[in-house]
Amino acid sequence: MLPAIEQGAITHKEVTTVPIYESIFIINANLSDEETAAVIKKMQDVVAKQGGEMVKFEDWGKKKLAYEIKKQKRGHYVFFQIKSLPPVFSELELTFKLTDA
């Protein structure tokens with residue numbers, strides 16, 4: 001009798017798991033609500049455009065920074081939980097650097 005694999009009863013599917021990453025970014029607290037929303041939308045669009053899936057999004061609002069950054073004492077915190085492959089983060093990091101907010 002042949003093993004089940006040789007008889008074709010058992011098949012093997014390649015299973016790939018996509019890791020889940022978290023990202024927290026801080027937006028200038030002096031921006032208006034509309035400008036802040038536009039920056040958040042821009043970051044969400046980068047994730048979607050690169051094929052990532054937004055698992056969780058939390059707008060933590062304005063909070064005191066642990067230390068001053070560019071003479072700012074407060075910042076608007078945003079949390080993303082993203083299901084994606086690593087290339088999405090290269091593009092997201094580039095967008096963070098190019099966005100002056």
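**View 1. Aspartate 45 and its salt-bridge partner in helix 2 of the predicted model**. Aspartate 45 is partly exposed, with a relative accessible area of 36%, and its partner lysine 41 is likewise partly exposed, at 46%. The two residues form a salt bridge in which the closest N and O atoms are 2.8 Å apart. Because lysine 41 and aspartate 45 are four residues apart in helix 2, about one helical turn separates them.

**View 2. Two further salt bridges, of the four found in the whole structure**. Lysine 56 pairs with glutamate 58, with 3.2 Å between the closest N and O atoms; lysine 56 counts as partly exposed at 39% relative accessibility, and glutamate 58 is partly exposed at 26%. Lysine 73 forms a salt bridge with glutamate 68, the closest N and O atoms being 4.0 Å apart. Here lysine 73 counts as exposed, at 55% relative accessibility, whereas glutamate 68, at 45%, counts as partly exposed.

**View 3. The largest pocket and its lining**. The largest pocket holds about 450 Å³ of space, and of the 17 residues that line it, Ile26, Ile27, Asn28, Ile69 and Ala101 are the closest to its centre. Two or more lining residues come from each of strand 1, helix 2 (33–49), strand 2 (53–69), strand 3 (72–83) and helix 3 (87–98), and strand 1 gives the most, with four residues. By class, the lining has nine nonpolar, four polar and four charged residues.

**View 4. A nonpolar surface patch that includes isoleucine 26**. Isoleucine 26, which lies in strand 1 (residues 20–28), is partly exposed, with a relative accessible area of 39%. Together with Tyr67 and Ile69, Ile26 forms a nonpolar patch on the surface with about 310 Å² of accessible area.

Conventions: Residues are numbered from 1 along each chain as its sequence is written. This is a predicted model: local features need pLDDT of at least 70, side-chain atom pairs count only at pLDDT 80 or more; totals for chains, interfaces and linings use all residues. Side-chain values use heavy atoms; hydrogens and water are left out. Patches are made of residues with over 30% relative accessible area and no salt bridge: like charges are joined within 9 Å, nonpolar side chains (Val, Leu, Ile, Met, Phe, Trp, Tyr) within 5 Å. Accessible areas come from the Shrake-Rupley method with a 1.4 Å probe; for residues, only the protein chains shown count as cover. A salt bridge is a side-chain nitrogen of Lys or Arg within 4 Å of a carboxyl oxygen of Asp or Glu. Buried means under 20% relative accessible area, exposed over 50%, partly exposed in between (1.4 Å probe, protein chains only). On a 1 Å grid over the protein atoms alone, a cavity is a set of points where a 1.4 Å probe fits but cannot get out, and a pocket is an open set with protein on both sides within 12 Å along at least five of seven lines; lining residues have an atom within 4 Å of a point. Grid points are joined across faces, edges and corners, and a volume is the space filled by probe spheres set on the points. Ala, Val, Leu, Ile, Met, Phe, Trp, Tyr, Cys and Pro count as nonpolar, Asp, Glu, Lys and Arg as charged, and the others, Gly among them, as polar.
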